[in-house]
Amino acid sequence: MDRALEFVGNHPFLFGILAVLAVLFFTIENKRSGRKISPNTLGMMVNSQNAQLIDIRAKKKFESGYIQGSRNIPFTELKDRIEEIRAIEQPVIIICDMGVQAGAAIQMIGKDSVYRLEGGIGGWQGAGMPLVGLKDTVPKKKGKAKPSLHK
């Protein structure tokens, strides 16, 4: 440990450059993946700015549960519908499973007023927000019949 600290002390310029590069990397990466909004902010933007919700999950996942008012444009079809999304004048909020794929979609769209839902559908549900069309995917347990004392 002492040798590592001595190395840092002997090469401050090198570690200064390393720190600047690390800050630049995280700044650019954050900007590249789009501005994130929380589930609560999503509701406010829909109500006050008529924000448009676009869910980029696969159709089957979308149909199993989605945020009210969102429309489904699967990520695989996004390239073919970029101009349609760019033509939307209101803010656009991109929704995916965990918020990662939405960052790639924002890069493809390349418009300032496009946001991504932080944490995606998982973050939405984690905040206790409801989904429309949510199907009960957990099978009901069949309980064993209790033994009867009567014949």
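What share of the 151 residues of the chain counts as buried?

1. Burial. In this predicted model, 29% of the 151 residues of the chain count as buried.

2. Secondary structure. Seven helices and five strands make up the regular elements of the chain. Their order along the sequence is α-α-β-α-β-α-β-α-β-α-β-α. The pattern thus opens with two helices in succession, after which strands and helices alternate up to a final helix.

3. Nonpolar surface. Phe13, Ile17, Val20, Leu21 and Leu24 form a nonpolar patch on the surface, with an area of about 510 Å². One of these residues, Val20, belongs to helix H2, which spans residues 12-32.

4. Second largest pocket. The volume of this pocket is about 150 Å³. Its lining consists of Pro39, Leu42, Gly43, Val46, Ile67, Gln68, Trp124, Met129, Pro130, Leu131 and Val132. Helix H3 (residues 39-49) is the main contributor, supplying four residues of the lining. By class, nine lining residues are nonpolar and two are polar, while no charged residue takes part. For a reader who wishes to inspect the site, Trp124 and Gln68 are among the residues of the lining.

5. Salt bridges. Side chains of opposite charge can pair when their charged atoms come close. In this chain the count of salt bridges comes to six. One of them joins the side chains of Asp55 and Arg57, with an N to O distance of 2.9 Å. Are these two partners, Asp55 and Arg57, buried or exposed? Both Asp55 and Arg57 are buried, which means that each has under 20% relative accessible area.

6. The pairs made by Arg81. The side chain of Arg81 forms a salt bridge with Glu77 at 3.9 Å, N to O, and another with Glu84 at 2.9 Å, N to O. The 3.9 Å pair is counted because the criterion admits a side-chain nitrogen within 4 Å of a carboxyl oxygen. Arg81 is partly exposed, with a relative accessible area of 26%. Glu77 is likewise partly exposed, at 35%, as is Glu84, at 33%. These three residues count as partly exposed because their values lie between the 20% limit for buried and the 50% limit for exposed.

7. The network. Which residues do salt bridges with shared partners join into one network? The members are Arg71, Glu77, Arg81 and Glu84. Within this group, Arg81 is a partner of both Glu77 and Glu84.

How values were computed
Residues numbered from 1 in each chain as written. Predicted model: local features only at pLDDT ≥ 70, side-chain atom pairs only at ≥ 80, totals over all residues. Heavy atoms only, no water. Patch = residues over 30% accessible without salt bridge, like charges linked within 9 Å, V, L, I, M, F, W, Y side chains within 5 Å. Areas by Shrake-Rupley, 256 points an atom, 1.4 Å probe, with all protein chains shown as cover. 1 Å grid on protein atoms, 1.4 Å probe; cavity = no way out; pocket = protein on both sides within 12 Å on 5 of 7 lines; lining within 4 Å. Points joined across faces, edges and corners; volume = space filled by probe spheres on them. Nonpolar A, V, L, I, M, F, W, Y, C, P; charged D, E, K, R; others polar. Buried < 20%, exposed > 50% of the residue type's maximum accessible area, 1.4 Å probe, protein only.
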